[in-house]
Amino acid sequence: MGHQVIIFDFSSIRGMWEIRAKKHKERQKKEKERVATSALEKIRQEWDIILECRRKGIPQAAYLNNGVVDTNRILDKLENNSSLIKKIALLNETEKKRNKFIFQLSGEHWTQLPDSLKEQTHLKEWHINNTMIATIPTYIALFQELRILELPCNQITDLPIEIGCLKNLKELNVCFNRLKTIPPELGDCENLEKLDLSGNLELTELPFELSNLKKVTFVDVSANSFPSIPICVLRMSNLQWLDMSSNNLKDLPQDIDRLEELQTLLLQKNKLTYLPQALVNMSKLTLLVVSSEGLVQMPTAVCESTTGLKFISLKDNPLETTSFQEMEEIRESDRDRELFEKEFMKAYITDLRERETVPSYTTKVSLSIHI
């Protein structure tokens, strides 16, 4: 028997594909109807309602009935409860007004701030992150209402001396940039409460003028190159949180107990070989975190404290000396790792404080994080 050859004319082929297209459309229509009537779609819609109600401040009692979302109940509540409507309207209006005072900028395509910014001197918050911006303009002095200045993960090499004009500034975050120095004029920001300068590899010291920041309660200078705790930090009398992790500390000052309000001290990933006896005198210190590999001496009273001090000894790899060129090559991966570890430690500490299940004696935690 020879080869069999099947021959179609164009009208037959067109008819076949028209039938297939029709069947495909019918299947799509049925699938769409099935999804629309499925329980998963209903659950998704209910969660959207719950999230929207929470965002607008509507209490659960207004939209839940025995754990099930009651859309009719929401409508009735909204129609009959004028005070609730007013509350929602007030929240929306407050959020709208707040956004008028916030400037946000993100993206590597930004190499400098837009010119229009200098005309918005009414702003109270700047949030600029993950850009290629290297300098902050001197006209920042015009923003006298500025409360929050967040500039993480950019390419900023220095801060202008005009930053000292921001008398109402409460929070400054310049983490993971390329800062080498900090202007002494920052010490004039007398209302500053939170200072984050972490992740600037070439930052080795802070100006003594920062001693004037008496309202600062939070200082994060981790992942820098400090050989010791800056003197100005030791004179911040209201300091409650100090993160000096991932630096080049070899010892702690004998007068560290002058930080009488300090509650949290993070010292992991340094080159410490001993802890001073002065730590025992810090009555408000409730959390002390160190790396255990290099430590050969520490006060017994710290390990066996009966004052509620949680002493956490982390096991991690010893620090290695790397050249500046090598630091530049691994900068991005280091930044990601440090950010991850910072978030991990903050989450761990928060959970620790919420549960309060760790006893007052030494707690050893083995920690190994790889990105």
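Visitor: Does Lys284 count as buried, partly exposed or exposed, and what is its relative accessibility?
Guide: In this predicted model, buried would mean under 20% relative accessible area and exposed over 50%, with partly exposed in between. Lys284 falls between those cut-offs, so the residue counts as partly exposed, and its relative accessibility is 39%.

Visitor: Which residue forms a salt bridge with Lys284?
Guide: A salt bridge requires a side-chain nitrogen of Lys or Arg within 4 Å of a carboxyl oxygen of Asp or Glu. For Lys284 the closest N and O atoms of the pair are 2.7 Å apart, and the partner is Glu261. The pair links distant parts of the chain, with Lys284 in the loop between β10 (264-266) and β11 (287-291), and Glu261 in the loop between β9 (241-243) and β10. The partner is partly exposed, with a relative accessible area of 24%, and its name is Glu261.

Visitor: How many residues apart in sequence are the parts that Glu193 and Lys170 tie together?
Guide: The side chains of Glu193 and Lys170 meet in a salt bridge, at 3.6 Å from N to O. Glu193 lies in the loop between β6 (171-173) and β7 (194-196), while Lys170 lies in the loop between β5 (148-150) and β6, so the parts tied together are apart in sequence by 23 residues.

Visitor: Which residue meets Arg258 in a salt bridge?
Guide: Arg258 is partly exposed at 37% relative accessibility, and its partner is likewise partly exposed, with a relative accessible area of 33%. Their side chains meet at 3.6 Å, N to O, and the partner of Arg258 is Asp255.

Visitor: How many salt bridges are there by this rule?
Guide: Among them are the pair of Glu193 and Lys170 and the pair of Glu261 and Lys284. The count comes to five.

Terms used: Residues are numbered from 1 along each chain as its sequence is written. This is a predicted model: local features need pLDDT of at least 70, side-chain atom pairs count only at pLDDT 80 or more; totals for chains, interfaces and linings use all residues. Side-chain values use heavy atoms; hydrogens and water are left out. Helices (H or I, at least four residues) and strands (E, at least two) are DSSP runs, numbered from the N terminus. Buried means under 20% relative accessible area, exposed over 50%, partly exposed in between (1.4 Å probe, protein chains only).
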